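Work through the exercises below with the sequence and the model side by side, and try each task before reading its solution.

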Amino acid sequence: MKAFSKITLLAAAAAFLASCEMEYYKEELYRKEIFIVSGENNILGQEFEYGEEGCEGKLAIYSSGTTSLDENVTVTFALDHEAIGEYNKRNFDTKFEDYALELPEEYYTIDPMSIEMKAGTNSELLPVTVRIDELLPDETYFIPLRIESVSSCMASTTKNYVLFEILRKNDYATTKSDTYYTMTGTTQSGWVIDNIFGSDSRRQAINSSKLVTPVGKHSIRILPGATAETEALDIRNNSIRITVDPETWVNVPIYVEGELTDETVPMQKVTIEPYLDSQDAISVSASPTDVSAYDPATGTFYLYYRYKYATESGNNWQEVRETMTRTEY
């Protein structure tokens, strides 16, 4: 009889525990948590187009669980300045030159800093208007946002903040990932008198995979010829700006392996200038005989120019003819 009673008590206890466990998992399954959609390290990147006064991006806010909200929920946000500091310290330690920057508040608008998630739904979008034309092309910019309060439910403990990355693009390149062009061409050293190039060497074939950075609505930044730089200051000083004029078309003669052919193709005119306006910047001048241009049909630049580094003395220049075609879109 005692054994029977003990078995009965154990069975009752087991049933009670099972019932509690089911209630716990049921609560976990249906519990509502509000979170911001993001990826690894709570980063979410969106591309914004150069040349637009106010580009609108959106952050997606969701509620977890298997059912929709049963009441309206107001979610309020605030800037989280510490999130960028923690990200930089964790990823770059004392390599301060690689630190991400907080996007200055004059370059974006979030108004209001709250959303209302309606009953019967489980998501809402937070609009973010961004202006990018004056941002530095080599810097990483974040808007750090955190869920400050939720009128009901609760905020996620892991996805309650986001580092909203401001990526920039134009028709020729993007900062979302490195944009490379395949470049072939020729270069020749010489001198310039009265804008006439004189050769003191044989023309050399060049080729490389060139990194192209967007810097404006119709502008990109490249290094000249097949040169390469690794230091940020050297890249800025020794880069050239290529600007396409989509409204001006020219008939461009085509070179094949450095030799001029009889073929011409209508293309958009291109101007070439130093990227920086500085005494330390590279000197660049367009070819007096060949017109640089961009072919939108093939995504190809045909560039003819001369350059000389600020650190070089005398009047020695490098003349370059290069063809750049985008590797992939």
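**Exercise 1.** Describe the largest nonpolar core of this predicted model, and find which strand gives the most to this core.

Solution. Begin with the core itself, which has 29 residues, those with the most contacts inside it being Phe77, Leu103, Val130, Ile143 and Ile166. Next, turn to the elements: β1 (33-36), β3 (55-63), β4 (73-79), β7 (114-117), β8 (123-130), β9 (141-150) and β11 each supply at least two residues of this core. Of the contributing elements, β9 gives the most, with 4 residues.

**Exercise 2.** List the residues that Val130 touches, leaving out residues up to four places away in sequence, and then look for another core.

Solution. With those sequence neighbours set aside, Val130 touches Leu103, Ile143 and Ile166, and also Phe48, Glu53, Gly54, Cys55, Tyr107 and Tyr108. Apart from the largest nonpolar core lies another core, of 23 residues, which includes Ile220, Phe301, Leu303 and Tyr307.

**Exercise 3.** Characterise the largest pocket by its volume, its central residues, the elements that line it and the classes of its lining residues.

Solution. The volume of the largest pocket is about 1,000 Å³. Its lining is made up of 39 residues, and the closest to the pocket centre are Asp138, Asp178, Leu211, Arg221 and Ile235. Two or more lining residues come from each of β11 (161-169), β12 (179-193), β14 (204-214), β15 (219-222) and α3 (232-238), and β14 gives the most, with 7 residues. Sorted by class, the lining holds 15 nonpolar, 12 polar and 12 charged residues.

How values were computed
Residues are numbered from 1 along each chain as its sequence is written. This is a predicted model: local features need pLDDT of at least 70, side-chain atom pairs count only at pLDDT 80 or more; totals for chains, interfaces and linings use all residues. Side-chain values use heavy atoms; hydrogens and water are left out. On a 1 Å grid over the protein atoms alone, a cavity is a set of points where a 1.4 Å probe fits but cannot get out, and a pocket is an open set with protein on both sides within 12 Å along at least five of seven lines; lining residues have an atom within 4 Å of a point. Grid points are joined across faces, edges and corners, and a volume is the space filled by probe spheres set on the points. Ala, Val, Leu, Ile, Met, Phe, Trp, Tyr, Cys and Pro count as nonpolar, Asp, Glu, Lys and Arg as charged, and the others, Gly among them, as polar. A nonpolar core is a set of buried Ala, Val, Leu, Ile, Met, Phe, Trp, Tyr and Cys residues joined through side-chain atoms within 4.5 Å. Buried means under 20% relative accessible area, exposed over 50%, partly exposed in between (1.4 Å probe, protein chains only). Contact means heavy atoms within 4.5 Å.
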